[in-house]
Amino acid sequence: MRPATPLLAFAIFVAAGVVQAQDAPDVAVASNDGVRSFNAEDIPTFDVSAEGVVDWPTFSGYRRYHSDCHVCHGPDGEGSSYAPALKDSAMRMDYYDFIGIVASGKQEVGAAQNQVMPAFGTNPNVMCYIDDIWTYLRARGSDAIPRGRPAQRADKTDAFAEAEKACMEG
């Protein structure tokens, strides 16, 4: 029989407010630059209207995720037997860490796990749309959009098309 002391100590810390649940990520729209929306920390975020219309960058993220990411990470960010559910990871992970892992790849090989993700830093079909993929995964992770292709989407803006062209040609 194990002593209850560690569990009791944890319960006391929780009751005292020493241990707190992780704050929910900030996904609220604070600004828009004409291409995409940003939260108060100037991190890209999704914008889904009360009617369920998904902003173009998030819809683009859906398309790009299913073009390049879902093969390993499963449809709709749900994960697979060999790659994590990115819809959950994006809710826990820092935006800049996400960019770094996508650009540089990740390797965790050992007795307990074997995860190898290739680097996509030189792939414009991923890196030109990395903010779109991020916002799509955050929309999925916060349940702002359900599984599957978004039923309604905003049109692509001229500003988005110009930024897309500049990145793909750059």
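The following questions and answers introduce a predicted model.

Residues are numbered from 1 along each chain as its sequence is written, and side-chain values use heavy atoms, with hydrogens and water left out. Because the model is predicted, local features need pLDDT of at least 70 and side-chain atom pairs count only at pLDDT 80 or more, whereas totals for chains, interfaces and linings use all residues.

Q: Which helix supplies the largest share of the largest nonpolar core?
A: A nonpolar core is a set of buried Ala, Val, Leu, Ile, Met, Phe, Trp, Tyr and Cys residues joined through side-chain atoms within 4.5 Å, where buried means under 20% relative accessible area, exposed over 50% and partly exposed in between (1.4 Å probe, protein chains only). The largest such core has 24 residues, and those with the most contacts inside it include Tyr65, Phe98, Ile130 and Trp134. Helices H2 (56-68), H4 (86-92), H5 (95-104) and H7 (130-141) each supply at least two of its residues; helices (H or I, at least four residues) and strands (E, at least two) are DSSP runs, numbered from the N terminus. The largest share, 6 residues, comes from H7.

Q: How are H2 and H7 oriented to each other, parallel or perpendicular?
A: Two packed helices are described by the angle between their axes and the distance between the axes. Axes are lines fitted to C-alpha atoms, for helices over the stretch in contact, with angles from 0 to 180 degrees between N-to-C directions, and angles under 35 degrees count as roughly parallel, over 145 as roughly antiparallel, 65 to 115 as roughly perpendicular and the rest as oblique. The axes of H2 and H7 come within 7 Å and cross at roughly 95°. That angle makes H2, relative to H7, roughly perpendicular.

Q: Which residue outside its neighbours within four places in sequence, and numbered in the loop after H7, is in contact with Tyr136?
A: Contact means heavy atoms within 4.5 Å. Among the residues that Tyr136 touches in this way are Thr58, Gly61, Tyr62, Tyr65, His66, Asp76 and Gly77. The remaining contact of Tyr136 is Ile145.

Q: Which residue forms a salt bridge with Asp76?
A: A salt bridge is a side-chain nitrogen of Lys or Arg within 4 Å of a carboxyl oxygen of Asp or Glu, and the structure holds 8 of them. Asp76 lies in the loop between H3 (70-73) and H4, and its partner lies in the loop between H7 and strand S7 (152-153), so the pair ties together parts that are 71 residues apart in sequence. Asp76 is buried, at 8% relative accessible area, while the partner is partly exposed at 48%. With 3.1 Å from N to O, that partner is Arg147.

Q: What is the relative accessibility of Lys87, which forms a salt bridge with Asp88?
A: The closest N and O atoms of Lys87 and Asp88 are 3.4 Å apart. Asp88 is partly exposed at 32%. Lys87, by contrast, counts as buried, at 13%.

Q: How far from a polar side-chain atom of Tyr82 does the backbone oxygen of Val71 lie?
A: Tyr82 is placed in the loop between H3 and H4. Not counting residues up to four places away in sequence, Tyr82 touches Val71 and Cys72. The backbone oxygen of Val71 lies from that side-chain atom at 3.1 Å.

Q: How far apart in space are Gly52 and Ala144, C-alpha to C-alpha?
A: Gly52 lies in the loop between strands S3 (44-45) and S4 (53-54), and is partly exposed at 31%. Gly52 and Ala144 are 92 residues apart in sequence, and in space their C-alpha separation is 8.6 Å.

Conventions:
Polar contact = N/O pair within 3.5 Å; in protein donor to acceptor, adjacent residues only side chain to side chain.
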